[in-house]
There are 2 protein chains.
Amino acid sequence: MSDRYTSFANTPAGKAVVKRLGLPEPVRLRRYRPGDPDIEGNVLVGGAGRLAEPVRKLLQANGVNTDAAEGPYAGLVFDATGITDSTGLRALYDFFHPVARSLRPCGRVIVLGTAPEDCASPREATAQRALEGFVRSVGKEFGRGTTAQLGYVAPGAEDGVESTLRFLLSAKSAYVSGQVVRVGRAPASQPKDATLPLEGKVALVTGAARGIGEAIAHVLARDGAHVICLDVPAAGEPLSKVANDVHGSALQLDLTAADAPQRLVDHVKERHGRLDILVHNAGITRDKTLARMSEDRWNSVLDINLSSQERVNDAVLAADLLPAGGRIVTVSSMAGIAGNRGQTNYAASKAGVIGLVQSYAPALADKGITINAVAPGFIETRMTAAMPLMIREAGRRMNSMSQGGLPVDVAETIAWFASPGSAGLTGNVVRVCGQSLLGA
Amino acid sequence: MSDRYTSFANTPAGKAVVKRLGLPEPVRLRRYRPGDPDIEGNVLVGGAGRLAEPVRKLLQANGVNTDAAEGPYAGLVFDATGITDSTGLRALYDFFHPVARSLRPCGRVIVLGTAPEDCASPREATAQRALEGFVRSVGKEFGRGTTAQLGYVAPGAEDGVESTLRFLLSAKSAYVSGQVVRVGRAPASQPKDATLPLEGKVALVTGAARGIGEAIAHVLARDGAHVICLDVPAAGEPLSKVANDVHGSALQLDLTAADAPQRLVDHVKERHGRLDILVHNAGITRDKTLARMSEDRWNSVLDINLSSQERVNDAVLAADLLPAGGRIVTVSSMAGIAGNRGQTNYAASKAGVIGLVQSYAPALADKGITINAVAPGFIETRMTAAMPLMIREAGRRMNSMSQGGLPVDVAETIAWFASPGSAGLTGNVVRVCGQSLLGA
């Protein structure tokens, strides 16, 4: 989907008009192209804790210069795990103040800390919690496509940060900003071929016929997975096309049917014997104010967006289809976090998805399976293209990137969760919203 | 502080203009006046769980009709604790759909549930988490000054909900919406005189010379407390006036001084022997982008807004000044949740305050002391009156109330946390922001 305003605002004439009128100035976001290295350019690493050295080594092993005395830098990574009380927060200022203007456009800011719940004292927990306000402010302030994230890395998980650092420093996270990610202890296996991290994996994507689901199928296939593309029979034609394009397979199935979970299990078991990656992307909207909403609108949204995910998860787990190392990734929504007018049904279903991720994570961790959610903000799709002009423009502009995201941005985030290196990531909810200002 | 637009938009001529131009239509919010009952009008109670009956009895004991067959209703309270999986969410629709238009202006919607972490199964936790998306959508959708909240009540805490229900149903919570409040098990003592819940209590309010601090002093005094009003010596004159107005006492103290915590402790101990309520309201802003920020701006904001609170807490606790039943309430900020451009220092300090509340709560609970935070959004003060026009208007209008809040709205929320009936509330962060859309 195109965004004509962003294209216009990036022409020489457009830039002048935009500046004179005080309109939003979206930069053209760098996005990943196959063949690109994940991390391009120098990354300055600072801070004194348990992560600075492992991070420097990891980046250097990837050919990244971590000690360049001058910018422009592609990224700034600060290890804040050594900060044990609020007076120590001064170290943030000391590191970032001199280099705040040395980031190139679409630069990356990453602060690494210890989650408050893992801290040894209330003072340390207080200081570590303060990092979130800092990072979210940097995301809003630095502009020019800069993203800023906070990674809470559990003590002992120092070796498990590579997939997260790679993603957050790369162009794959172009539309992810202002997020808090928790990396726990778990034996992460590094893929043999970093350009094909999902090689040999079997993935299933629901709602794969178009939009975000189609992009997910493409990205997982690009990363080496065999993708089973699932959608309703009515979408059979575009579904076949996507399955062909990604050299995967198609499965026509109405997830609301009573026998759908069992048929899904039977299909996957028969053809592949197992499922490594399950992506719950299928979802619908049936917007109306609560006073005007029919029973059917309520029930169908809750059933497809939430209950059907539960039924499929239960069937897949009962059949032992997901082996250790398995991944479940589900699509929530900003509306599930912040609520939305006319979407009591949709927001309840998408908030429920967050509950699902958080409540299933502990039991799944015992089986070596992770479960995480992405929560898209304004993503350019047929759905958003059909919105009324003013609502569309507000959603598109009112975020730190001053533009909407693309389906591929959601897909890249899911591929990060799906990768073998992300074993330490579970129970996370990451917004793909350009740090939207409109709620949440 | 006046808001001329809201006044204008509520005149007959203004209403017509506002409607024709599609401008925000703020309603004049009902606010509490001494002598008013907390709950005025009929409240419909629905749902089938462990809370519906206790809530009905509690409201009826306060003279409220809970079974009126027709609206207009002052409030709708739904007990969702009986919902144990996502299909049961249908009960929300069944209750709210028929009565969604029967709320009077400035009505109240309250959904009561079980916190996901207290649920017996992942299915139940998922459904209970879904409530949040529903409630936040209702807050954005119902309009006309309606507030909507989610109260997670711990099993066994059914008898401890009165102070929370009273506050959330009353005009005291006029600018609180879209919030999630957790009520835990703790022996709440009901005040002898409901109109003077803080009678006999000693409270200390920092930053009390003006603005929000002045409003806090007034509301705590109205509720019966003796208020020690603290501010810097330079604010001595307005401080004395506030202390006189509330029949309290004044304490001039610079909280950044090394001996300030001890002098505070000595003063309170000598005059009153103990401190029941400690309100950390003192705070400053020193806005600049990080690249332009001086060391002093960073350090002074972190020290006053965060580190000085820690020093005072430690001194007060070490001196055993806060008895069982004690209350600490601190003022965070929406910027501490969502971040803000030009406020890396302020947002870090205010996010730290959230960390402080959450990390100190468990140890304080063992002593019978609660700690909670309020996070104000756009509140009409001298500080916001000085903002540039467009930023001020965006902050003021972009929330579910289409207007800024008043200092008294923050003060009422603090008084709710401070009341003897709120023993089950600890570790909460409640935004007083009219459900602001601008982040968080």
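This passage describes a helix pair between two chains and a sheet in one of them. The model is predicted, with local features taken only at pLDDT of at least 70 and side-chain atom pairs counted only at pLDDT 80 or more, whereas totals for chains, interfaces and linings use all residues. Residues are numbered from 1 along each chain as its sequence is written, chains are lettered from A and ligands numbered from 1 in the order in which they are written, and side-chain values use heavy atoms, with hydrogens and water left out.

Helix α4 of chain A (residues 90-99) and helix α10 of chain B (residues 295-318) have axes that come within 10 Å and cross at roughly 155 degrees; helices (H or I, at least four residues) and strands (E, at least two) are DSSP runs, numbered from the N terminus, and axes are lines fitted to C-alpha atoms, for helices over the stretch in contact, with angles from 0 to 180 degrees between N-to-C directions. α4(A) is therefore roughly antiparallel to α10(B), a term for angles over 145 degrees. Contact (heavy atoms within 4.5 Å) joins A:Arg90, A:Leu92 and A:Tyr93 of α4(A) to B:Glu295, B:Trp298 and B:Asn299 of α10(B).

In chain B, five strands in the order β1-β2-β3-β4-β5 form an open sheet with parallel pairing, where two strands pair if DSSP finds at least two bridges between them. The edge strands, each pairing on one side only, are β1 (43-46) and β5 (179-183) of chain B. On average, neighbouring strands of this sheet are turned by 20 degrees against each other, direction ignored. Helix α4 of chain B (residues 90-99) packs on the sheet and touches β1, β2 (73-79) and β3 (103-113) of chain B, its direction making about 170 degrees with that of β2(B).

Note on methods
Parallel < 35°, antiparallel > 145°, perpendicular 65-115°, else oblique.
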